[in-house]
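The following questions and answers examine selected packing features of a single protein chain. Each answer is reasoned from the coordinates shown below.

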Amino acid sequence: MKVMKFGGTSVGTPQRMKNVASLITESEEPTFVVLSAMSGTTNLLVEISDYLYKKNPEGANEIINTMEKKYIGHVDELFSTEEYKQKMRDFLSSEFDYLRSFTKDIFTSYEEKSIVAQGEIISTNMMAFYLQEKGISTCLLSALDFMRTDKNSEPDPQYIRNKLIAILQENEGYQIYLTQGFICRNAYGEIDNLQRGGSDYTASLIGAAIDAEEIQIWTDIDGMHNNDPRVVDKTDAVRQLNFEEAAELAYFGAKILHPTCIQPAKYAGIPVRLKNTMEPKAEGTIVDNVIVRGKIKAVAAKDNITAIKIKSSRMLLATGFLRKVFEIFESYQTPIDMIATSEVGVSMSIDNDAHLNDIVNELKKYGTVTVDSDMTIICVVGDLDWSNLGFETLATEAMKNIPVRMISYGGSNYNISFLIKGCDKKRALQNLSDMLFNGKK
């Protein structure tokens, strides 16, 4: 069985829902489908919650009414029979009455998560009714019945697997199994969400739980590109990445895939294919455990980076110095992206400056601190094992006219990273593309 996940843009209009329906019914084999909320819906639900937090039920009701009108307008576009139009209207009526019920009671984060979950619940019910109207054997499963996190807010894979397999055994014989992405229950049975990676994470967890042959992530982009097409001329889709390479690219700026969401697939050895709903015949990108030797695959950039350098002659051979530095960042829950050390100093980069002033004040106890803001990390990804002669030289040669604040190489076999000024990002990315992919020196 394949798992196919479609994001909010892919189901953003009735016509696009019809296109998705055509894609998921091409095969006669049973298919497991994960849907996000229709594009824009989750933002509106968050806005409703914001009004309720601020004790403004009138503002919340205004958005609810606008949403209901919009969805009612979709009914005539999506359905062709009066029977299913009425079924959908009845469902929408109960849904929006449910949302209005939150305007009358005390509002907490628990109620907010219940509200935000309704986007996926609406989109999956719309799709289920549409497929049933077309005579497609469809089973709508509630993610709240099997998708659960543990007390650390991490997915509970054994629970998910046991529950889901039991549910599928009780519902054998359907062509399409449909469920919601993003939403789940926590360890206490309350409605919650997976946060990082959202619906992609759901698809990966389901794929691992049912031993799927492949997990497909459908978006509005033709796979992962070898550079940022919004910034650089002449980029191409990368046809294959291994999981480590995809995680590096995702972490360092390639937003098509969240690094966390592919971990269950990686550990289960299930390939993840990135496809484009706007161009379904395009090959896309496959992410698997295959390592292609001797090839640089792609470049990504991560903006809004802050570099922090602490210099101290006292640290020379001082045991525990780095531990003290790292403990400061840990105490403010601020992860470090890159690090470079010398005998008298250490430089680090962070992408979250919410506690920057506090961190700097703490670091000043141990040395002189300097801060550089508005920086960008450029990450070159591929087979960058240190035994591959000259590979790192290609990347550094492309950067020869760009001022480089830090270089990170050797922490992984799959990347070399450069920290540069944000204003040099476009030139750096283009230089790397020309050198690595376009044959220009």
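Q: How many aromatic pairs does the structure hold?
A: The model is a predicted one. Rings of Phe, Tyr and Trp count as a pair if their centres lie within 6.5 Å. The number of aromatic pairs held by the structure is nine.

Q: Are the rings of F32 and Y177 stacked or edge-to-face?
A: The ring centres of F32 and Y177 are 6.4 Å apart, and their planes meet at 25°. Planes under 30 degrees apart count as stacked, whereas those over 60 count as edge-to-face. The pair F32 and Y177 is therefore stacked.

Q: How many residues apart in sequence are the parts that the pair of F32 and Y177 ties together?
A: F32 belongs to strand β2, residues 31–35. Y177 belongs to strand β4, residues 176–180. The pair therefore ties together parts whose separation in sequence is 145 residues.

Q: Are F32 and Y177 buried or exposed, and which residue forms one aromatic cluster with them?
A: Both F32 and Y177 are buried. One aromatic cluster is formed by these two residues together with Y174.

Q: Which residue has its charged end over the ring of Y159?
A: A charge counts as sitting over a ring if NZ of Lys or CZ of Arg is within 6 Å of the ring centre and within 35 degrees of the ring normal. Over the face of Y84 lies K87, at 4.5 Å from the ring centre. For Y159, the charged end is found 3.7 Å from the ring centre and belongs to R148.

Q: Is C139 buried or exposed?
A: C139 is part of strand β3, residues 138–140. Its relative accessible area is 6%, and values under 20% count as buried. C139 is therefore buried.

Q: Which residues are in contact with C139, leaving aside its neighbours within four places in sequence?
A: Residues distant in sequence can be compared through their C-alpha atoms: C139 and Q169 are 30 residues apart in sequence and 12 Å apart in space. Contact, by contrast, requires heavy atoms within 4.5 Å. With its neighbours within four places set aside, C139 is in contact with N171, Y174, I176, Y177 and L178.

Q: Are helices α1 and α3 oblique or roughly parallel to each other?
A: Helix α1 (residues 14–24) packs with helix α3 (residues 57–78) at an angle of about 50°, and their axes are 9 Å apart. The crossing of α1 past α3 is right-handed. Angles under 35 degrees count as roughly parallel, and 65 to 115 as roughly perpendicular. The angle between these helices thus makes α1, relative to α3, oblique.

Q: Which residues in α3 meet P14, M17 and K18 in α1?
A: H74 lies in helix α3 and is buried, with a relative accessible area of 9%. Leaving aside neighbours within four places in sequence, H74 is in contact with P14, M38 and M126. P14, M17 and K18 meet three residues of α3, namely H74, E77 and L78.

Q: Which elements do the buried residues of α1 pack against?
A: The buried residues of α1 are P14, M17, V20, A21, L23 and I24. The elements against which they pack are β1, β2, α3, α6 (118–133), β4 and β7 (214–219).

Q: Is T13 buried or partly exposed?
A: T13 is located in the loop between β1 (2–6) and α1. Its C-alpha atom is separated by 14 Å from that of E120, 107 residues away along the chain. With a relative accessibility of 32%, T13 counts as partly exposed.

Q: What is the orientation of α5 and α6 to each other?
A: Helix α5 (residues 109–116) packs with α6 at an angle of about 20°, their axes being 5 Å apart. At this junction, S114, I115 and V116 in α5 meet Q118, G119 and E120 in α6. Angles under 35 degrees count as roughly parallel. The orientation of α5 and α6 is therefore roughly parallel.

Q: Is Q333 buried or exposed?
A: Q333 lies in the loop between α11 (321–331) and β12 (339–341), and its phi is near 50°, a positive value in a residue other than glycine. A relative accessible area of 70% makes Q333 exposed.

Q: Is F182 buried or exposed?
A: F182 has a positive phi, near 75°, and is placed in the loop between β4 and β5 (183–185). At 16% relative accessibility, F182 is counted as buried.

Terms used:
Residues are numbered from 1 along each chain as its sequence is written. This is a predicted model: local features need pLDDT of at least 70, side-chain atom pairs count only at pLDDT 80 or more; totals for chains, interfaces and linings use all residues. Side-chain values use heavy atoms; hydrogens and water are left out. Rings of Phe, Tyr and Trp (its six-membered ring) pair if their centres lie within 6.5 Å; planes under 30 degrees apart count as stacked, over 60 as edge-to-face and the rest as tilted. Helices (H or I, at least four residues) and strands (E, at least two) are DSSP runs, numbered from the N terminus. Buried means under 20% relative accessible area, exposed over 50%, partly exposed in between (1.4 Å probe, protein chains only). Axes are lines fitted to C-alpha atoms, for helices over the stretch in contact, and angles run from 0 to 180 degrees between N-to-C directions. Angles under 35 degrees count as roughly parallel, over 145 as roughly antiparallel, 65 to 115 as roughly perpendicular and the rest as oblique. A crossing is left-handed if the near helix is turned anticlockwise from the far one by less than a right angle, and right-handed if clockwise.
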